[in-house]
Amino acid sequence: MLTSVDADLLRVLADPLRLRIVTLLARETLCTTHLVEETGAKQTNLSNHMKVLREAGVVDTEPCGRYTYYKLRPDVIAHLAGRFAELAESARNAADNKRACP
């Protein structure tokens with residue numbers, strides 16, 4: 001069963017730019033400059049999205065001089081994937097269950 005926390009995380013990841021950022025960070029740790037180059041987003045727009053991802057616990061930051069590097073927290077993504085795996089298993093088990101209409 002998905003919890004309200006899971007639903008909040010899904011809302012965060014539902015934004016196309018944030019999903020693109022998460023996909024990029026799944027491959028490597030990147031700084032803001034890299035993310036601007038890769039996504040084509042404006043710096044201020046990207047910073048706002050990174051704040052949402054940080055506050056949701058999806059990414060961690062690592063200061064490096066005047067740059068901030070971002071890395072994906074795989075445990076958060078794995079948790080959400082596990083919830084979907086549970087839903088899929090429940091659906092498989094319930095495939096033949098049909099509630100009778102009154």
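**Exercise 1. Find where the confidence of this predicted model is lowest and where it is highest.**

Start with the whole protein: its pLDDT averages 93, and 99% of the residues score at least 70. Now go helix by helix. Confidence is lowest in α1, with a mean of 90. At the other end is α2, where confidence is highest, at 97.

**Exercise 2. Check whether the length of α4 agrees or disagrees with what its residue count predicts.**

Step one: α4 has 13 residues, and at 1.5 Å a residue they should span 18 Å. Step two: look at the C-alpha atoms at its ends, which are 18 Å apart. So the two values agree. While you're there, step past the end of the helix: α4 is followed by Gly57, which has a positive phi, near 80°.

**Exercise 3. Work out how the buried residues of α4 are arranged around its axis.**

First, pick them out: Leu46, His49, Met50 and Leu53 are the buried residues of α4. Next, look down the helix axis. The buried residues fall within an arc of 105°, so they line one face of α4. It helps to recall that an α-helix has 3.6 residues a turn, so residues three or four places apart point the same way.

Then flip to the face turned away from the buried side, and you'll meet the exposed residues Thr44 and Glu55. Finally, ask what covers the buried residues of α4: the cover includes α1, α2, α3, β2 (59-64) and β3.

**Exercise 4. Trace the largest nonpolar core and say which element gives the most to it.**

This core has 20 residues, and those touching the most other members are Ile21, Leu25, Leu35, Met50, Leu53, Val58 and Val59. The elements giving two or more residues are α1, α2 (16-25), α4 (43-55), β3 (67-72) and α5 (74-93). The top giver is α2, with five residues.

Now zoom in on Leu53. Leaving out residues up to four places away in sequence, Leu53 touches Val12, Leu13, Arg18, Ile21, Val22, Val58 and Val59.

**Exercise 5. Decide whether Asp6 and Thr32 are buried or exposed, and find what each one meets.**

Take Asp6, in helix α1 (residues 4-14). Its relative accessible area is 2%, under the 20% cut-off, so Asp6 is buried. The side chain of Asp6 makes a polar contact of 3.0 Å with that of His79.

Thr32 lies in helix α3 (residues 32-39). Its relative accessible area is 13%, so Thr32 is buried by that cut-off too. Not counting residues up to four places away in sequence, Thr32 touches Gln43, Leu46, Thr68 and Tyr70.

Technical notes
Residues numbered from 1 in each chain as written. Heavy atoms only, no water. Helix = DSSP H or I, 4+ residues; strand = E, 2+ residues; numbered from the N terminus. Buried < 20%, exposed > 50% of the residue type's maximum accessible area, 1.4 Å probe, protein only. Polar contact = N/O pair within 3.5 Å; in protein donor to acceptor, adjacent residues only side chain to side chain. Core = buried A, V, L, I, M, F, W, Y, C linked by side-chain atoms within 4.5 Å. Contact = heavy atoms within 4.5 Å. pLDDT = per-residue confidence, 0-100. Expected span 1.5 Å × (residues − 1). Arc of directions from axis to C-beta.
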